[in-house]
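Please open the model in a viewer and keep the sequence panel visible. The tour below proceeds by selection, with a note on what each selection shows.

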Amino acid sequence: MASIACPNCQTVAPEGTASCPGCGTPLSGATHAASSTPPPAAPPPSAPTFSAGSPKPQVKFDLASLGHVDRLVGGGTLVLFISLFLTWFSYAGFGISGLSAHGYLYVVFIVAIALLGLLAAEASGVWKVPASSALGRDQILLIGTTINFVLVLIAFLLKPGGYGFQGVGWSYGAFVALAGAVVAVFPLGWPIIQARRGK
């Protein structure tokens with residue numbers, strides 16, 4: 001027996017049916033005859049696919065990818081960064097942080113963030129210093145750690161109020177900062193000092 005497929009919902013109805021039993025669409029003008037087998041259903045919408053040509057990079061922090069010197073530089077710089085918020089000086093029972101005592105230590109704060117960011121980017125494989133850069137990565141690290149060391153040493157020696165001001169003493173934060181600055185700069189600066197002595 002011949003049948004008609006609804007042009008709207010593809011429901012199959014016997015020939016001569018006035019309206020579709022599924023959706024009510026008039027079938028009198030339908031010219032598409034179908035067999036007793038219902039038409040294949042439309043495929044379900046597929047999930048969005050991403051181009052295989054541009055995979056997202058995997059970001060994985062790998063501390064082992066950094067050398068021994070880089071780990072010393074990073075560790076010392078991290079200790080120095082934290083110490084900026086510790087108590088550097090004490091007076092009459094009150095403590096003051098390095099950043100509060102000496103405003104120029106914000107330079108150390110910024111340089112430390114930049115150095116730690118560089119090392120973290122390299123350990124994560126996100127970014128490296130380009131080979132075409134005017135300064136090599138070791139030179140950048142040396143310049144940054146030297147700036148930090150010099151400023152921390154000055155801040156350590158110059159107590160608030162100067163030497164004539166009595167009662168101001170160093171606190172643990174100043175010693176931690178100085179130690180961190182030395183640890184960060186030493187592995188980069190010592191080989192250069194030894195090379196110049198050998199000349």
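A polar contact is a pair of N or O atoms within 3.5 Å; within protein, one of the two must be able to donate a hydrogen and the other to accept it. This cut-off serves for the first stop, in what is a predicted model.

**His102**

Select His102, which sits in the loop between helix 2 (98-101) and helix 3. Which backbone oxygen does the side chain of His102 reach? It is that of Ala155, at 3.2 Å, and this distance lies within the 3.5 Å limit. Now display the surroundings: leaving aside residues up to four places away in sequence, His102 touches Phe89, Ala155, Leu158 and Pro160. With a relative accessible area of 8%, His102 is buried.

**The whole chain**

Zoom out and colour by secondary structure. The chain has five helices and six strands, in the order β-β-β-α-β-β-α-α-α-β-α from the N terminus. Of its 199 residues, 29% are buried. Among contacts with a separation of 6 or more, 62% join residues 24 or more positions apart.

**Helix 4**

Select residues 137-157, which form helix 4. Its 21 residues should span 30 Å at 1.5 Å a residue, and the end C-alpha atoms are indeed 30 Å apart. Next, highlight the buried residues of this helix: Leu141, Gly144, Thr145, Asn148, Leu151, Val152, Ala155 and Phe156. Where do they fall when one looks down the axis of helix 4? They lie within an arc of 140°, so they line one face of the helix. The elements that cover these buried residues include helix 1 (68-83), strand 4, helix 3, strand 6 (169-170) and helix 5. Ala155, the partner of the His102 side chain through its backbone oxygen, belongs to this buried set.

**The nonpolar cores**

Select Leu80, Leu84, Trp88, Leu105, Val108, Val152 and Ala177, the residues with the most contacts inside the largest nonpolar core, which has 16 residues. At least two residues of this core come from each of strand 4 (87-91), helix 3 (105-124), helix 4 and helix 5 (172-198). Centre the view on Val108: beyond residues up to four places away in sequence, Val108 touches Leu80, Leu84, Asn148, Leu151 and Val152. Another core, of eight residues, lies apart from the largest one; Leu115, Leu119, Leu141 and Leu188 are among its members.

**Cys9 and Cys20**

Select both cysteines and display their sulfur atoms. How many disulfides does the model contain? The count is zero. The cysteine sulfur nearest to that of Cys9 belongs to Cys20, at 3.6 Å, whereas a disulfide requires two sulfur atoms within 2.5 Å. Cys20 likewise takes part in no disulfide, with Cys9 providing its nearest cysteine sulfur. As for exposure, Cys9 is partly exposed, with a relative accessible area of 34%, while Cys20 is buried at 4%.

**Ala92**

The last selection is Ala92, in the loop between strand 4 and strand 5 (94-97). Inspect its backbone torsions: phi of Ala92 is near 55°, a positive value in a residue other than glycine. Is Ala92 buried or exposed? At 61% relative accessibility, Ala92 counts as exposed.

Terms used: Residues numbered from 1 in each chain as written. Predicted model: local features only at pLDDT ≥ 70, side-chain atom pairs only at ≥ 80, totals over all residues. Heavy atoms only, no water. Buried < 20%, exposed > 50% of the residue type's maximum accessible area, 1.4 Å probe, protein only. Core = buried A, V, L, I, M, F, W, Y, C linked by side-chain atoms within 4.5 Å. Helix = DSSP H or I, 4+ residues; strand = E, 2+ residues; numbered from the N terminus. Contact = heavy atoms within 4.5 Å. Expected span 1.5 Å × (residues − 1). Arc of directions from axis to C-beta.
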